[in-house]
Amino acid sequence: AEPIKTVQLDDATLASYAGTYTAMFNGTDLELAFTVKGANLSGVLVGQGPLTYAPADKTHFQSVEMAGVGIEFVENGFRLSQGGINIDFKRKAQPK
């Protein structure tokens with residue numbers, strides 16, 4: 001596989017994406033949590049192991065381990081794209 005083209009994002013940008021996001025897909029609740037891991041994001045879908053997401057630009061990230069899995073951050077959430085399927089996740093409200 002060819003290496004992913006990546007960019008270096010500043011810490012504040014990466015940190016702004018960290019958090020927990022939720023989505024509904026085929027009647028199933030999904031929850032995905034991002035943490036900053038060096039220059040990348042580590043994303044954990046509940047029930048699965050962590051995947052590393054490398055920044056392609058300021059809002060687009062690609063999975064390092066799984067080719068063809070990409071995320072695009074939008075206001076208050078992100079869109080996960082995998083093999084023609086798009087799932088829109090919303091940022092989970094933090095308990096007050």
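Me: Accessible areas come from the Shrake-Rupley method with a 1.4 Å probe; what percentage of the accessible surface of the protein chain belongs to carbon and sulfur atoms?

Reply: This is a predicted model, in which local features need pLDDT of at least 70, side-chain atom pairs count only at pLDDT 80 or more, and totals use all residues. Numbering starts from 1 along each chain as written, and side-chain values use heavy atoms, without hydrogens or water. The accessible surface of the protein chain comes to about 6,100 Å², and the share belonging to carbon and sulfur atoms is 54%.

Me: In what order do the elements of the protein chain run from the N terminus?

Reply: Taking DSSP runs (helices H or I, at least four residues; strands E, at least two), the protein chain has one helix and eight strands. Read from the N terminus on, the order of these elements is α-β-β-β-β-β-β-β-β.

Me: What is the radius of gyration of the protein chain?

Reply: The C-alpha atoms fill a box of roughly 35 × 30 × 25 Å along the principal axes. For 96 residues the globule rule (2.2 Å times the number of residues to the power 0.38) gives 12 Å, and the protein chain is as compact as a globular protein of that length because its radius of gyration is close to that value, at 13 Å.

Me: Which residue in β4 is the bridge partner of Leu41?

Reply: The eight strands form a closed barrel, running from β1 through to β8 in order with antiparallel pairing, where pairing requires at least two DSSP bridges. Within this barrel, β3 (residues 40-45) and β4 (residues 50-55) pair in the antiparallel sense over four bridges. The partner of Leu41 in β4 is Tyr53.

Conventions:
Accessible areas come from the Shrake-Rupley method with a 1.4 Å probe; for residues, only the protein chains shown count as cover.
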